[in-house]
Amino acid sequence: MATLRAKLTSVDLPDFGMPDARPVLTPATYAARLERLRERAEGYDRLVIYADREHSANVSYLTGFDPRFEEAILIVGPSGEPAVLVGNECYAMAGAAPLPLRRHLFQDFSLPSQPRDRSRPLSDVLREEGIASGGRIGVVGWKTYARLEMSDAPSFLIDELRRIAGPTGAVENATGLLIDAADGLRVTSEVEQLAYFEWAACQTSQGVRNLIAGLRPGLSEAEAVRLLGWNGTPLSCHLMLTAGPRARFGLLSPSDRTIERGDPFTTAFGIWGALNCRAGFVAADARELPVVDYVERLIAPYFEAVAEWYSALRVGVAGGALYDIIHRHLGDPFFGVSLNPGHQLHLDEWVNSPIGPGSNVELRSGMTLQVDIIPATGTEYFTTNIEDGIALADEPLRRAFAAKYPAAWQRIQRRRDFMANVLGIELHPDVLPFSNIPAWLPPFLLEPGRAMTLGA
């Protein structure tokens with residue numbers, strides 16, 4: 001069999017379509033998640049789940065409520081409605097959660113100098129909710145650590161829990177119940193959640209597509225970012241767009257700088273459930289770049305690595321095998337690939353990653369993953385980037401998805417056909433591409449009709 005090589009060629013990126021409506025999760029879905037958590041948390045007397053504006057995904061996953069401006073604590077016992085501690089401004093909002101919650105006003109979660117005169121001490125509320133001397137308390141923040149006593153939840157909360165539990169009790173990091181890379185509750189999703197993620201990916205990927213189509217020298221970064229067409233859906237990260245000297249920093253927000261021909265350029269657009277990113281040069285061909293072999297030296301080996309990564313994806317593959325593919329292609333220090341080549345995706349942009357050196361974690365049906373393989377050359381070659389969302393689904397889950405969301409299913413099939421028949425990337429039936437720019441990589445952003453493909 002001939003070795004497939006990456007090449008730059010004319011590519012007609014199809015219109016894959018856009019959803020008519022946003023899939024909605026029902027109260028029954030949240031109730032079922034709560035019961036699964038309780039089954040998983042056997043051995044804990046109570047779970048205390050912390051959330052703030054940046055780290056709301058665990059509470060939102062369980063209840064449909066996410067705090068705005070403030071922090072919140074969800075307390076889950078072995079039965080009954082969970083309790084939520086919220087500040088002045090979120091007290092009313094928590095009442096709109098799809099999952100019924102017993103609300104406690106805890107004004108220390110309110111903004112500075114707001115009233116603090118109507119809530120009880122934290123210790124009183126915790127004791128009322130079953131936190132007791134000798135109890136085993138699981139704390140869910142947003143990270144796991146090697147030592148169970150470590151937590152990223154605020155010290156005032158951890159200190160109070162430890163004081164109440166006393167020397168015969170235990171306060172442990174239980175975040176892995178929700179985000180463990182192998183079997184955390186949030187690393188696999190119901191068909192309804194997957195459909196929502198496909199909707200989200202349509203918004204972000206179409207936005208990046210529209211931006212590249214409208215990109216031109218003379219626009220300011222602030223003008224260019226408007227081409228993403230953000231519709232107000234909650235962001236999973238700030239909008240990123242930079243051109244010129246600042247582009248090498250990657251994560252920065254747009255400025256008023258005017259985009260110039262020949263600039264390096266990067267953008268990323270992430271909302272709950274999806275993120276898409278592309279990077280390249282504001283140019284029509286390599287003659288406008290500081291390096292004439294940009295495609296041959298960086299883009300081609302990168303695309304070959306990503307294509308093989310895609311082709312290896314399926315339910316049951318170990319994360320270490322995917323890591324090995326990328327580092328076989330891009331292990332040279334020139335490429336500067338240092339982070340996990342791919343990770344799990346949910347309401348937050350990065351939940352966890354089963355993909356690392358020697359990882360035996362097997363990918364499961366229902367996992368949503370982000371292709372996220374970022375060279376950081378630190379040279380005039382700058383970078384390139386494909387960040388798109390995909391899901392893995394075994395045959396029963398695929399049948400359920402196709403039956404319940406036929407329009408989304410048709411978009412997925414059109415993306416699979418494009419990747420196989422135009423780009424040359426064969427996918428296992430388990431792989432469901434959610435992006436409307438699936439593996440589409442135009443290195444010269446002023447000529448988006450030319451993109452990378454595989455061929456003999």
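The expected span of a helix is 1.5 Å times one less than its number of residues. With that in hand, let's look at helix α7 in this predicted model. Helix α7 covers residues 191-214, which makes 24 residues. From its first C-alpha to its last it reaches 34 Å, close to the 34 Å expected at 1.5 Å a residue. Of those 24 residues, 21 are buried, so α7 is largely enclosed by the rest of the structure.

Now to the cysteines. How many disulfides does a search of the whole structure find? The count is 0. C277 shows the reasoning nicely: a disulfide needs two cysteine sulfur atoms within 2.5 Å, but the closest cysteine sulfur to that of C277 belongs to C237 and lies 9.3 Å away, too far for a bond.

C277 is also buried, and so is C90. P375 joins them as a buried residue. Here are their values side by side:

| Residue | Relative accessible area | Class |
|---|---|---|
| C90 | 1% | buried |
| C277 | 5% | buried |
| P375 | 2% | buried |

P375 deserves a visit of its own. Where does P375 lie? You will find it in the loop that runs between strands β12 (368-372) and β13 (385-392). Leaving aside residues up to four places away in sequence, P375 touches L298, Y302, F335, G336, V337, T383 and T384. As for V295, it sits 80 residues from P375 along the chain, and the C-alpha atoms of the two are separated by 14 Å.

Notes
Residues numbered from 1 in each chain as written. Predicted model: local features only at pLDDT ≥ 70, side-chain atom pairs only at ≥ 80, totals over all residues. Heavy atoms only, no water. Buried < 20%, exposed > 50% of the residue type's maximum accessible area, 1.4 Å probe, protein only. Helix = DSSP H or I, 4+ residues; strand = E, 2+ residues; numbered from the N terminus. Contact = heavy atoms within 4.5 Å.
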